[in-house]
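Visitor: Could you take me through a structure and show me how to read its features one by one?
Guide: Gladly; let us look at it together.

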Amino acid sequence: MRVFRDNGLTIVLIGLFAVSIVGQWIAGWHVEMEDARRHGQAVLSLGAYTLSPQFLSSVFENWESEFLQMAAYVVLTAVLVQRGSAESKDPDSPPRDVDLDIQANKPGAPAILNWGSFWRALYARSLGFALGLLFILSFIIHWTQSARVAAQEALAHGEKPVATMAYLTDSQLWFESFQNWQSEFLSTAVLVLLSIFLRQRESPESKGVSAPHRQTGE
């Protein structure tokens, strides 16, 4: 029980992810089977569908937008503020991460802070870098797999398929991306604004229930 108490948030979120990805996998396979039957094509096995561009493109299309949202959120909240939001740092508070060479000597501070100025600077931005890299990798997989889907559809209609590099400028790819990006940025902006006036008891994403609306940060 101690393991769940200390790691319950991650465990539950990973569990919800697992249920959701399996649901997408099974439902997507059935959609592909129905589509294949309508067009008189061979039906993919579940194993073949798992590695198909149709499945991979849809998965990484969504991952791409999520990692973009989180990367933008982490970086933008480091430099911009929203007065009164629980999701913003307080513009009237002093900087938290100054003199990292001195703070590196605090008990429990990450050892990498003592490796020199380069490693301190890199580690000080490592969360944004990691999320940005995950976004880039997800976008590349979405792009290449979506290009394969488009090529298959072109061949099925007797048309010349578009090369993968040329597909990077195709409107279909950017339609798929922008339709997800806009929703991610909107939901983040809504959370930032709603946290000014609304509360969720005991949540670190909310101010205290009795906190004034103008209070910024937790």
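Visitor: Where along the chain is D99 placed?
Guide: D99 sits in the loop between α3 and α4 (100–103). Helices here are DSSP runs of H or I with at least four residues, strands are runs of E with at least two, and both are numbered from the N terminus. Before we go on, note that this is a predicted model, in which local features need pLDDT of at least 70, side-chain atom pairs count only at pLDDT 80 or more, and totals for chains, interfaces and linings use all residues. Residues are numbered from 1 along each chain as its sequence is written, and side-chain values use heavy atoms, with hydrogens and water left out.

Visitor: What is the phi of D99, and is D99 buried, partly exposed or exposed?
Guide: Its phi is near 50°, a positive value in a residue other than glycine. For exposure, buried means under 20% relative accessible area, exposed means over 50%, and partly exposed lies in between (1.4 Å probe, protein chains only). D99 has a relative accessible area of 48%, so it is partly exposed.

Visitor: Which other residue has a positive phi although it is not a glycine?
Guide: E202 has a phi of about 70°. E202 lies in the segment after α8 and counts as exposed, because its relative accessibility is 74%.

Visitor: How many helices and strands does the protein chain have?
Guide: There are eight helices and zero strands, giving the pattern α-α-α-α-α-α-α-α along the sequence.

Visitor: How does the radius of gyration of the protein chain stand against that of a compact globule?
Guide: The radius is taken over C-alpha atoms, and the globule rule is 2.2 Å times the number of residues to the power 0.38. For 218 residues a compact globule would have a value near 17 Å, but this chain has 23 Å. Its C-alpha trace spans about 65 × 40 × 40 Å along the principal axes. Of the 218 residues, 28% count as buried.

Visitor: What is a nonpolar core, and which residues form the largest one?
Guide: The general idea is that in soluble globular proteins, nonpolar side chains tend to be buried together. A nonpolar core is a set of buried Ala, Val, Leu, Ile, Met, Phe, Trp, Tyr and Cys residues joined through side-chain atoms within 4.5 Å. Here the largest has eight residues: L68, F135, F139, W143, A147, Y167, L173 and W181. Helices α6 (126–156) and α8 (171–197) are the elements that give two or more residues to this core, and α6 gives the most, with four. A second, separate core has seven residues, among them M33, Y49, F55 and V59.

Visitor: Which residues does F135 touch?
Guide: Contact means heavy atoms within 4.5 Å. Not counting residues up to four places away in sequence, F135 touches E64, F67, L68 and W181. F135 is found in helix α6 and counts as buried because its relative accessibility is 17%. With the same kind of neighbours left aside, L68 is in contact with F135, W181 and F185.

Visitor: And which residues is Y73 in contact with?
Guide: Y73, in helix α3 (residues 53–79), is in contact with E87, T188 and V192, leaving aside neighbours within four places in sequence. Y73 and E87 are 14 residues apart in sequence, and their C-alpha atoms are 9.6 Å apart. For the whole chain, residues 24 or more positions apart account for 56% of the contacts with a separation of 6 or more.
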